[in-house]
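Colleague: Could you take me slowly through one part of this model, the helix that comes at the start of the chain, and set it against the rest?

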Amino acid sequence: ARRIKESEMKDQERKRILEQQADMQDKHKTVSGEKEATEQYLKDLQPACVDGDSTYEQRKADRATVIEALKKAQEILQTNKGASEELAPRKQSFLQLRGSRR
């Protein structure tokens, strides 16, 4: 009776271990797929992010140039806006025209 009980317990233990093994194999397969996808993503990012075609100093200088050009454009627009408002007669908008006809 004791050997039968031991045999049943070993069978149950064997089944449990086989189930754990199957679960672990499934997890390994999933994690391996995720790892491959992550490595491919890293490989795709390498040229743009690490091997970039410009240095930080170059991008900083380009950004400063753009900011300076935008400031100059803003000054030009502000000076032209003031001159155009003085020269141009005031036009009534659609809503103002409609309200004045009543």
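Modeller: The model is a predicted one, and a word on confidence comes before the helix itself: pLDDT is the predictor's confidence in each residue, on a scale from 0 to 100. The chain has a mean pLDDT of 85, with 79% of its residues reaching 70 or more. Among the elements of the chain, helix α1 has the highest mean pLDDT, at 94, whereas the lowest, 57, belongs to helix α3, which covers residues 94-100.

As for the setting, the chain holds three helices and zero strands, and its elements follow one another from the N terminus as α-α-α. Buried residues account for 0% of the 102 residues in the chain, and about 10500 Å² of the chain is exposed, with carbon and sulfur atoms supplying 55% of that area.

Helix α1 itself runs over residues 2-50. From the first C-alpha to the last, the 49 residues of α1 reach 67 Å, which is close to the 72 Å expected at 1.5 Å a residue. The helix does bend, by about 35° at Asp44, and a proline, Pro47, follows within four residues of that point. Because the number of buried residues among the 49 of α1 is zero, the helix lies largely in the open.

The side chains along α1 can then be followed through the salt bridges, of which the count comes to three when a side-chain nitrogen of Lys or Arg must lie within 4 Å of a carboxyl oxygen of Asp or Glu. One of them joins Arg2 to Glu6, with the closest N and O atoms 3.4 Å apart. Because Arg2 and Glu6 are four residues apart in helix α1, about one helical turn separates them. Arg2 counts as exposed, at 66% relative accessibility, while Glu6, at 35%, counts as partly exposed.

Further along the helix, Glu13 and Arg16 form another salt bridge, and here the closest N and O atoms are 2.5 Å apart. Both of these residues lie in helix α1, three residues from each other, or about one turn of the helix. Neither reaches the exposed class, which begins over 50%, because Arg16 has a relative accessibility of 38% and counts as partly exposed, and Glu13, with 35%, is likewise counted as partly exposed.

There remains the pair formed by Lys35 and Glu39, a salt bridge in which the closest N and O atoms are 3.3 Å apart. With their positions four residues apart in helix α1, Glu39 and Lys35 are again separated by about one helical turn. In this pair, Lys35 counts as exposed, at 52% relative accessibility, whereas Glu39 counts as partly exposed, at 44%.

Taken together, helix α1 is the element with the highest mean pLDDT, a helix with zero buried residues that bends by about 35° at Asp44.

Notes. Residues are numbered from 1 along each chain as its sequence is written. This is a predicted model: local features need pLDDT of at least 70, side-chain atom pairs count only at pLDDT 80 or more; totals for chains, interfaces and linings use all residues. Side-chain values use heavy atoms; hydrogens and water are left out. Helices (H or I, at least four residues) and strands (E, at least two) are DSSP runs, numbered from the N terminus. Buried means under 20% relative accessible area, exposed over 50%, partly exposed in between (1.4 Å probe, protein chains only). Accessible areas come from the Shrake-Rupley method with a 1.4 Å probe; for residues, only the protein chains shown count as cover. The expected span of a helix is 1.5 Å times one less than its number of residues. The bend at a residue is the angle between axes fitted to the seven residues ending there and the seven starting there.
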